[in-house]
Amino acid sequence: MLKVAVIGGGSTYTPELVNGFLARIDNFPLDELWLMDIDRDRLNVVGGFAQRMVAAKGAPFKVILTTDQREAVRGASYVTTQLRVGQMEARRKDEYLGQRHGLIGQETTGVGGMAKAMRTIPVILKIASDIRELADKGALLVNFTNPAGLVTQALSKYAPDVPAVGVCNVPITAKMHILESLEQATGRKIDPEHAELQTLGLNHLSWHRGFTIDGEDVWPQVISGFITELKKQDHPEWDPRTIEVLRMMPNYYLQYFYHTSKKLTEQQKWPPSRAEEVIEVEKSLLRDYANPDLKEPPADLMKRGGAYYSTVATQLLNAHYNDLGETHVVNIRNGGAVKEWPADWVLEIPSTVKKSGITPLATEPLPASCFGLIAQIKSYELLTVEAAVHGDRESAYQALLAHPLGPEADKVQEVLDDMLATHRGLLPQFWN
C-alpha cells in the first residue's frame, strides 16, 4: 500500500497538493492520503474539500483526516511537512518583532526567521522520531516548512538516520520565469522537463548561474536578456551593474541583504504586513473551501503565494518512487558535492533523485562575493539549531550576533528577550 502523510494538512495549500497527486495517479499509485492537523475545525474544512476533489475524479485514492500525528505517520512511505507552529498570528508577531527594533521582519530571514526556526525545529524532530518508530522502512521526510534549509540542517544533525530533504518553490519559479522569457524571445514552446536550472547556495540565499535545454547551455542568452530588461525599467528589482558583475540571478530573498534599506522602508508602511494580508486571503479561501459544491481549487489560491508548490512536491515523490534519476533542486547535506565547503552544511543544490536516495551533484563553489554571506548565514543557522534543540540562550545570542541582518551587539540581548517573551508559549525549551 502506498501511503502519504501530510503533517499540516489543514494548510490552504493542501488542495493544490491534492491536485498534483490526482494528475500523477497513473505513475504514482497513491492508495491513502492522510491529512493531519492539530486544528480540527480547519482540517475539516480543508480536508472535506480535498475529499470532494478526489471523489469528483472517481476516488482513485482515499483521503483520511486525523489530529493524531502518530497514526498519520504509521505505515507511511512518504511524510511531508507543511506546518506553521503558532499559525499565521505567530508570523505576524515575527514581522512586527523586526519592525519595532528597526530590523527586517520576515518569516524566513532575519529575526523573524530565527523565531520561526526555534518554534519549528523541535516539532519537526518529533515528527522524525515518529517516522523512525512507525513509518515504512526507508520512508522519506519531505520538508516544505520554512525556514526549509535551517529545518533540514537540524534534521541532518539530530535525525541523520531518517531520510529527509528540504524543498522550496523558489528554484522552480525561477526556472518557469526563465522559460517564459526564452519562449517570448524565440517564439517557440519549451518543455520544462527538458530544461535544468543550475543554482547553488542556501535556502532563500542562492544564486542561479546556469540554464540548459536538452543539455545545451543557454545561460549567456538568459543573463544578457535579464540585464537588458533590468536596464529598461525605471525601478528595477536588482541593480543592473550588480548583475553584470555577478553574471548570476540572485534568489528573490537576497533583496533583504542587497537592498536592506529599501526593504526596511517598505515595512515601515505596515499595516498590513504580509501575514496580515495572508490572514485575509485565507479567510476567503476557507469560506470557498467550505462550499459543498466546490470541487476544484478556486482562482484566489494563487493570491496565497507558493506558485508551483504541487509541481515541486509531486514531481519529487514521483521521481523517488519510480527511481527516475531526475535532477531536482533540494536542500540536502553537502557531503562533498562542493568539496571546498564543509561536508555537514545543508545546501540548496541540484541533486539526483533515485529510490535508493537523493544525492547532491558535484559542482564548483560560488565566488567569494557570495561565499562570505553564505558563511555568515550558515554560522547563524548552526547556532540557531543548537539554541532550538537545547533551549540554549547563549547560542541564541550568538546566532543574532552572527546574522548580518541582526541587531548591533549592544542591542542583541534586548531583541532576544523580546523574541523569547513574544513567543513564550511556543518556546517552552527556553523557559522550562
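**Arginine 70**

I looked up arginine 70 and found it partly exposed, at 30% relative accessibility. The model is a predicted one, and I read everything below with that in mind. Arginine 70 belongs to helix 3, which covers residues 69–73. I then asked which residues arginine 70 is in contact with, leaving aside neighbours within four places in sequence. They are Lys126, Asp130, Glu133 and Leu134. From the charged residues around this place I noted a network of salt bridges that links Arg70, Lys126, Asp130 and Glu133. I also took one long distance: from arginine 70 to proline 350 it is 32 Å, C-alpha to C-alpha, with the two positions 280 residues apart in sequence.

**Salt bridges**

I noted the total for the structure, which is 23 salt bridges. I went through three pairs.

The side chains of aspartate 94 and arginine 119 form a salt bridge, at 2.9 Å from N to O. Aspartate 94 is in helix 4 (residues 87–100) and arginine 119 in helix 5 (residues 110–134), so this pair ties together parts 25 residues apart in sequence. Are the two partners buried or exposed? Aspartate 94 is buried, with 0% relative accessible area. Arginine 119 is buried too, with 2%. Both values lie under the 20% limit for a buried residue.

For the second pair I took glutamate 386 and lysine 157, which form a salt bridge with the closest N and O atoms 3.0 Å apart. Glutamate 386 sits in helix 14 (residues 368–390) and lysine 157 in helix 6 (residues 148–158), so the bridge ties together parts that are 229 residues apart in sequence. Glutamate 386 has 17% relative accessibility and counts as buried.

The third pair is arginine 274 with glutamate 277, whose side chains meet in a salt bridge at 3.4 Å, N to O. I asked what separates these residues along helix 12 (residues 274–289). They are three residues apart in that helix, so about one helical turn lies between them. Arginine 274 is partly exposed, at 31% relative accessible area. Glutamate 277 is also partly exposed, at 36%.

**Negative patch**

I looked for charge gathered on the surface and noted a patch of negative charge made of Asp191, Glu193, Asp214, Glu216 and Asp217. I checked one of its members, aspartate 191, in detail. Aspartate 191 lies in the loop between helix 7 (170–186) and strand 7 (195–202). Its relative accessibility is 38%, so aspartate 191 counts as partly exposed.

**Helix 16**

Which residues of helix 16 (residues 412–422) are buried? I listed Val412, Val415, Leu416, Asp418, Met419, Leu420 and Thr422. The list includes Asp418 and Thr422 alongside Val412 and Leu416. I then looked up what these buried residues pack against, and the partners are helix 4, helix 5 and helix 15 (393–402). Helix 4 and helix 5 had already come up with aspartate 94 and arginine 119, which lie in them.

**Backbone exceptions**

I kept a general rule at hand for this part: most residues other than glycine have a negative phi, and most peptide bonds are trans.

I noted two cis peptide bonds on either side of proline 271. One runs from tryptophan 270 to proline 271, with omega near 0 degrees. The other runs from proline 271 to proline 272, and its omega is near 0 degrees as well. Proline 271 is in the loop between helix 11 (260–267) and helix 12. Proline 272 is in the loop between helix 11 and helix 12 too.

For phi, I noted histidine 204, which is not a glycine and yet has a positive phi of about 60 degrees. It is found in the loop between strand 7 and strand 8 (205–213). Is histidine 204 buried or exposed? Histidine 204 is buried, with a relative accessible area of 6%.

I entered aspartate 323 as another case, with a positive phi of about 55 degrees although it is not a glycine. Where is aspartate 323 placed? Aspartate 323 is in the loop between helix 13 (309–321) and strand 11 (326–333). With 46% relative accessible area, aspartate 323 is partly exposed, whereas histidine 204 is buried.

Terms used. Residues are numbered from 1 along each chain as its sequence is written. This is a predicted model: local features need pLDDT of at least 70, side-chain atom pairs count only at pLDDT 80 or more; totals for chains, interfaces and linings use all residues. Side-chain values use heavy atoms; hydrogens and water are left out. Patches are made of residues with over 30% relative accessible area and no salt bridge: like charges are joined within 9 Å, nonpolar side chains (Val, Leu, Ile, Met, Phe, Trp, Tyr) within 5 Å. Accessible areas come from the Shrake-Rupley method with a 1.4 Å probe; for residues, only the protein chains shown count as cover. A salt bridge is a side-chain nitrogen of Lys or Arg within 4 Å of a carboxyl oxygen of Asp or Glu. Lys and Arg count as positive and Asp and Glu as negative; His and the chain ends are not counted. The place of a charge is taken as NZ of Lys, CZ of Arg, CG of Asp or CD of Glu. Helices (H or I, at least four residues) and strands (E, at least two) are DSSP runs, numbered from the N terminus. Buried means under 20% relative accessible area, exposed over 50%, partly exposed in between (1.4 Å probe, protein chains only). Contact means heavy atoms within 4.5 Å.
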